[in-house]
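This briefing covers a ligand site, a helix pair and some backbone features. Inspect the ligand site before the rest.

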Amino acid sequence: MSIFKITGGRKLKGQVAISGRKNAALPILAASLLTTGTVTIENLPQIGDVEVMLEILQALGAKIERDGELVKIQSKDLTTTNIPVECAQKLRGSILFIGPLVARAGSITLPHPGGCIIGKRPVGLHLDVMEELGARIKNGATGYSVLAPRGLKGTQIFLTEASVTGTENAVMAAVLAKGETELVNIANEDHVTQVIQVLKQLGYDINGTGKSVLRITGSNGRLSSKNITVKLIPDEIEIGTFITCAIVTKSNLTLTNVGSHLINLPIRAIFKSFGVNVLYNEKKETITVKPPFKLKPAHIKTGTWPGVPTDLQPPLALLGTQTAGNTVIHDWMFEGRFAYVASLEKMGAAILTCDPHRIVITGRTSLHGTKLVSPDLRAGVTQLIAALAAEGESIIEHAELIDRGYANIVERLQALGARIERIA
Ligand code: EPU
């Protein structure tokens, strides 16, 4: 278990570089199985979830060369299609191996995937897609086997939910299928787009029609042999987290490596709804946030892109605690995404839980440090920035959950002047 000790109430100052996007890294690591060539990934975030994906690739027989934020993966010879149980249990992202592995090697054995406990998060959609592409599913007590020894067959698929990883799995499977697949109601998040770009770089035939529809002409089992290099897009949740951190600690922060206008426009709109103008410099790809902040209460409803990302709603609730009036948060996606509420209340926040999907925060309340236990990645980072804003000392147990998605978070915050240390 990792433990962070934080002494809050200090202003931060300086520059922080945004990491590559976790939710682009995980599917692109899985997509590296779709070539016998080498996939070079730049700007790879050094986070727990990436480590587990690399462990799985290695267990499958891939050769990995690593140098900080750069990794080269070569998976010419696969030795097994079994995902190690201890890896699957750590990470829901392990589900992303279903598409590429079944398409390439004809099978996968996947123990029940673990990951953040934020809701039911069914795997049904992933298995349904594989079944529609002609695979056979075997459900066991400990997990699933998906089998397609004679390859997959293109078809028309309507995704019952515009699922992020569901879309990614479906495309990664369909590129090697026989014939055309039409995929309707795809997720449109920027990380999904980057996965599609990677598959195109590998030579696969994918066309979008601009109506949430993709048309994929399968290669009939012909595996790419291309070598490609991909630089991961910046992590938009990290951008939103650091902006929130600047606001609640009343700090002047500059975020570098924030990427394009299109990535940042939806994020800036979220903070504008709280009355905060975030300064974006397109040429330098930086964001500057500086006080004074005149916060106004917002009505936040999470959505698929370009809506408010569910992964950012916990930090936004913290912002609500520092805003005079009632901020309403409605997260329809996950019924377990409010695990941070009890912690913020313990620190002094006033929050009304209406039902598993809606809360009302009445601000402004001053926060005080206390002992906390991180329940999941995004709740954990919310506790962390709340502790930076709070008066006094906080202890956060199970901080390894924060390390799953935020690279070198202690060192990066220390560089901004935060009093934070890892005490275990
Ligand atoms: N859902 C719908 N309708 C939709 C879209 C989603 O009902 O149109 C429901 C799903 O049933 C599911 C939930 O909303 O229960 C989440 O949807 P999705 O299947 O898109 O989630 P995911 O693919 O399992 C990815 C991210 C999550 C992120 C969600 C939503 C990865 C590896 N994980 O999960 O990331 O919360 O999309 O954007 O990409 C995180 O980073 O902390 C994290 C949990």
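Glutamate 161 puts a polar side-chain atom 2.7 Å from an oxygen atom of the ligand. The model is predicted. Two other side chains also have an N or O atom placed against ligand oxygen: threonine 165 at 2.5 Å and aspartate 311 at 2.6 Å.

**Ligand cover and shell**

- On its own, the ligand has 820 Å² of accessible area, and the protein covers 86% of that.
- Three elements each give two or more residues to the shell: α1, α6 (residues 164-174) and α12 (residues 377-389).
- Helix α1 is the top contributor, giving three residues to the shell.
- The ligand is surrounded by 19 residues.
- Glu161, Ser163, Thr165, Asp311 and Arg378 are the closest of these.
- Sorted by class, the shell holds eight nonpolar, four polar and seven charged residues.

**Packing of α1 and α2**

- Two packed helices are described by the angle between their axes and the distance between the axes.
- Helix α1 spans residues 22-31, and helix α2 spans residues 48-60.
- The two helices pack at an angle of about 0°, and their axes are 10 Å apart.
- Angles under 35 degrees count as roughly parallel, so α1 is roughly parallel to α2.
- From α1, the contact uses Lys22, Ala25, Leu26, Leu29 and Ala30.
- From α2, the contact uses Asp49, Val50, Met53, Leu54 and Leu57.
- The residues of this contact divide into eight nonpolar and two charged, with no polar ones.
- Helix α1 thus has two entries here: the contact with α2 and three residues in the ligand shell.

**Cis peptide bonds**

- The peptide bond from proline 291 to proline 292 is cis, and its omega is near 5°.
- Proline 292 sits in the loop between β16 (residues 286-289) and β17 (residues 299-301).
- Tryptophan 305 and proline 306 are also joined by a cis peptide bond, with omega about 5°.
- The loop between β17 and α10 (residues 313-321) holds proline 306.

**Positive phi**

- Which residue has a positive phi although it is not a glycine?
- That residue is asparagine 185, with phi about 75°.
- Asparagine 185 lies in the loop between β10 (residues 180-184) and α7 (residues 190-201).

Key: Residues numbered from 1 in each chain as written. Predicted model: local features only at pLDDT ≥ 70, side-chain atom pairs only at ≥ 80, totals over all residues. Heavy atoms only, no water. Axes fitted to C-alpha atoms, helices over the stretch in contact; angles between N-to-C directions. Helix = DSSP H or I, 4+ residues; strand = E, 2+ residues; numbered from the N terminus. Parallel < 35°, antiparallel > 145°, perpendicular 65-115°, else oblique. Contact = heavy atoms within 4.5 Å. Nonpolar A, V, L, I, M, F, W, Y, C, P; charged D, E, K, R; others polar. Near = heavy atom within 4 Å. Polar contact = N/O pair within 3.5 Å; in protein donor to acceptor, adjacent residues only side chain to side chain. Areas by Shrake-Rupley, 256 points an atom, 1.4 Å probe, with all protein chains shown as cover.
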